[in-house]
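Student: I would like to learn how the labels given to parts of a protein model are justified, so may I ask you about them one by one?
Tutor: Please do, and we will set each value against its cut-off before we conclude anything.

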Amino acid sequence: MSMQAKAATRANGPLSIRDALYEEPGPKTRAKIRIGTAISAVLVALLLGFVVYQFWATGQLDPRYWEFFTWGSTWAYLFAGLRGTLAVALTAGAIALVLGLALMLGRTSGVRWLSALCRVVTDFFRGVPSLLLIYFFFLVVPQYGIRMSSFWMITLPVALAASGVLAEVLRAGVNAVPRGQAEAALALGMRPFRVKLKIVLPQAIRYVIPSLISQLVVVVKDTTVAYVVSYPDMLQNARVLITNYDALVSTYLVVALIYILLNYAINQLSVYVARRSGTRVVSKYNINPA
């Protein structure tokens, strides 16, 4: 570890993953970073200018493609879809958290067959695209006489896909808790499950709360395929606006901006929670193999 990293450890407490991987840049490196940033900013500005010019040249800046966004009814319709998106995202996130916790507990239980089963289930849900799960609930499940509303046809697949990732995030938190604490509790006669429930799990959840919140961004993005089951989310309502006003580019730009602001707010919430908790962020990228 470099002297800068040791000084940062003494001054600010435990190192974050970024601090452990990267050293503080020197004067020459900082100068190169500033030059690279300036060049990148110029290139981005030129690209944006070219895009705006293309919109103007093709008539996409014509007022008739944008004036309906000055109507309150348009925004009311879009925000009705946004409420549908948030309802699916929050419900799917809650279900995924419970399933992910159950999978993590099973995988770290020490029971060989249960651990193997939970590992297979976790890897399956992590590897299967959420869109494929949605088609399964939409096309296959009804053939067995199980009827679901469009809300659950989109919510359950998104929750299952996210549960595999959350299980690994929670396992990363468990692995981040010093083993000595669990070993000391076992030496005092506590049962293994009680040790995990009372000592390990509370600390693990505290470590990974920012990562759990950040995972909600992925859940929100997965809801954009709700058109498959005709669920009225924001993107589905945007498609209706495109059909009614023949304004594809303007509508998708506005909806994309709303999604960007929503996901940015979620990311900022995770950063705020990380700073308030005073813990280093543990994510799925620093999972100890088991």
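Student: What makes R126 count as partly exposed rather than buried or exposed?
Tutor: Keep in mind that this is a predicted model. The relative accessibility of R126 is 41%, and since buried means under 20% and exposed means over 50%, the value falls in between, so R126 is called partly exposed.

Student: How do you know that E168 forms a salt bridge with R126?
Tutor: The closest N and O atoms of E168 and R126 are 3.5 Å apart, and because the cut-off for a side-chain nitrogen of Arg and a carboxyl oxygen of Glu is 4 Å, the pair qualifies as a salt bridge. E168 lies in helix α7 and R126 in helix α5, so this pair ties together parts that are 42 residues apart in sequence.

Student: Why is E168 called buried or exposed, whichever of the two applies?
Tutor: E168 has a relative accessible area of 5%, and as buried means under 20%, E168 is therefore called buried.

Student: What makes the meeting of E168 and R171 a salt bridge?
Tutor: Here the N to O distance between the side chains is 3.1 Å, which is within the 4 Å that the rule allows, so the name applies. Both residues lie in helix α7, 3 residues apart, or about one turn of the helix. R171, with a relative accessibility of 4%, counts as buried, because that value is under 20%. Salt bridges that share partners join R107, R126, E168 and R171 into one network.

Student: Why is the pair of D62 and R64 called a salt bridge?
Tutor: The side chains of D62 and R64 meet with 3.9 Å from N to O, and because the limit is 4 Å, the pair is counted. D62 has a relative accessible area of 33% and R64 has a relative accessibility of 48%, and since both values lie between 20% and 50%, both residues are called partly exposed. By this rule the count of salt bridges comes to 4.

Student: How do you know that T251 is buried or exposed?
Tutor: T251, which is found in helix α11 (residues 248-277), has 0% relative accessibility, so T251 counts as buried, the cut-off being under 20%. Residues that T251 touches, not counting those up to four places away in sequence, are F68, F69, A238, L241 and I242.

Student: What makes the approach of T251 to A247 a polar contact?
Tutor: A polar atom of the T251 side chain lies 2.7 Å from the backbone oxygen of A247, and because the limit for such a pair is 3.5 Å, the distance fits the rule.

Student: Why is T85 given the label buried or exposed?
Tutor: T85, in helix α4 (residues 72-107), has a relative accessibility of 0%, so T85 counts as buried, because that is under 20%. Leaving aside neighbours within four places in sequence, T85 is in contact with V220, T223, D233, M234 and Y259.

Student: Which label do S211 and V121 receive, and what makes it so?
Tutor: S211, in helix α9 (residues 192-222), has 11% relative accessibility and is therefore buried, being under 20%. V121, in helix α5 (residues 112-127), has a relative accessible area of 26% and is partly exposed, because that value is neither under 20% nor over 50%.

Student: Which residues have the most contacts inside the largest nonpolar core?
Tutor: That core has 54 residues, and those with the most contacts inside it are L78, I154, V229, Y231, M234 and V255. Elements giving two or more residues to this core are α4, α7, α8 (179-187), α9, α10 (234-245) and α11, and the largest share, 12 residues, comes from α7. Leaving aside neighbours within four places in sequence, I154 is in contact with V88, I134, D222, V225, A226, V229 and Y231. A second, separate core of 7 residues includes V128, L133, F137 and L160.

Notes:
Residues are numbered from 1 along each chain as its sequence is written. This is a predicted model: local features need pLDDT of at least 70, side-chain atom pairs count only at pLDDT 80 or more; totals for chains, interfaces and linings use all residues. Side-chain values use heavy atoms; hydrogens and water are left out. Helices (H or I, at least four residues) and strands (E, at least two) are DSSP runs, numbered from the N terminus. Buried means under 20% relative accessible area, exposed over 50%, partly exposed in between (1.4 Å probe, protein chains only). A polar contact is a pair of N or O atoms within 3.5 Å; within protein, one must be able to donate a hydrogen and the other to accept it, and residues adjacent in sequence count only if both atoms are side-chain atoms. Contact means heavy atoms within 4.5 Å. A nonpolar core is a set of buried Ala, Val, Leu, Ile, Met, Phe, Trp, Tyr and Cys residues joined through side-chain atoms within 4.5 Å.
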